[in-house]
Amino acid sequence: MFLGHFAIGVATKPAAPALPIWALFLAPQALDLVFLPLTAVGVEGSSHGDYGQSEIDAAYSHSIVGALAIAALVFVVARKVWKSDRSAWILSALALSHWVIDLLVHHRDLPILPGNVGGLPLFGFGLWDYPRAIFSIEVMLAVVGVGLYLNWARTQQDTRFRYLGPAVITVLFALMASSDFARLPA
Ligand SMILES: [Zn+2]
C-alpha cells in the first residue's frame, strides 16, 4: 500500500487549497519517511515479497505511540511553516491516516509501543490476503484522488500551468500502479 496513501493526500487538495501538493502528497507517508532511514540503519526493515506479502518490521515508526508522535511532529512543523492550525490539522491527520490504513491491510505486525516493548499483542487485519481486491481499491483511490485534484486545478487562474501538478501526479501514480501490478501474486 503505497499508491493508496499518496492518493488520499492528493484527494484533499480541494479541501486544503492553501497547502502545496507536495506536502499533501507526502504527509500520508510520514511514517514511511521515518521507516526508510530506520531501515537504512538496520533498526527496521522489510523483506521484498509479492504485493502485500512482504514481511515488515516497523516496530518504531508503525507502533501506535510512534505514529501518534510522528503525527504530532508533523503538526508542529506544519504549523510553523504554514502558520495555520487548519493546515497543521490536515497534514497531521493525513500522517495518522497511514496507520489506520496499514491496520486494515498489514499482517499483525503493528505494535502498540515503540520497539514492541513488553511484547504486547500486534495488530493488522491482514486484508493484503486479498491482493487483487486491495490493489483495485488502491487504483480506485488514485483515480478519485487525481480526479478531485484535476477538478480543483480546472478552477485555477493560471491557464498555462494549472494542469502541470495533476499531470505529474498522474505519471507518478501510473508508475506506482504498474510496479504494484507486476508484483501481484499469480
Ligand atoms: Zn507504512
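These questions and answers cover the nonpolar core, helix H5 and Ala-58. This is a predicted model: local features need pLDDT of at least 70, side-chain atom pairs count only at pLDDT 80 or more, and totals for chains, interfaces and linings use all residues. Residues are numbered from 1 along each chain as its sequence is written.

Reader: Which helix gives the most to the largest nonpolar core?
Author: A nonpolar core is a set of buried Ala, Val, Leu, Ile, Met, Phe, Trp, Tyr and Cys residues joined through C-beta atoms within 7 Å. The largest has 39 residues, and Val-10, Val-74 and Ala-95 have the most contacts inside it. Helices (DSSP runs of H or I, at least four residues) are numbered from the N terminus. The most comes from H5, with 7 residues.

Reader: Which residues does Val-74 contact beyond its neighbours within four places in sequence?
Author: Contact requires C-beta atoms, placed from the backbone, within 7 Å. By that test, Val-74 meets Ala-27, Ala-30, Leu-91, Ser-92 and Ala-95.

Reader: How far apart are the end C-alpha atoms of H5?
Author: The expected span is 1.5 Å times one less than the number of residues. H5 has 21 residues, so it should span 30 Å. The model agrees, with its end C-alpha atoms separated by 31 Å.

Reader: Is Ala-58 buried or exposed?
Author: Buried takes 20 or more other C-beta atoms within 10 Å of a residue's own, exposed 12 or fewer, partly exposed in between; C-beta atoms are placed from the backbone. Ala-58 has 24 other C-beta atoms within 10 Å, so it is buried.

Methods
Helix = DSSP H or I, 4+ residues; strand = E, 2+ residues; numbered from the N terminus. Contact = placed C-beta atoms within 7 Å.
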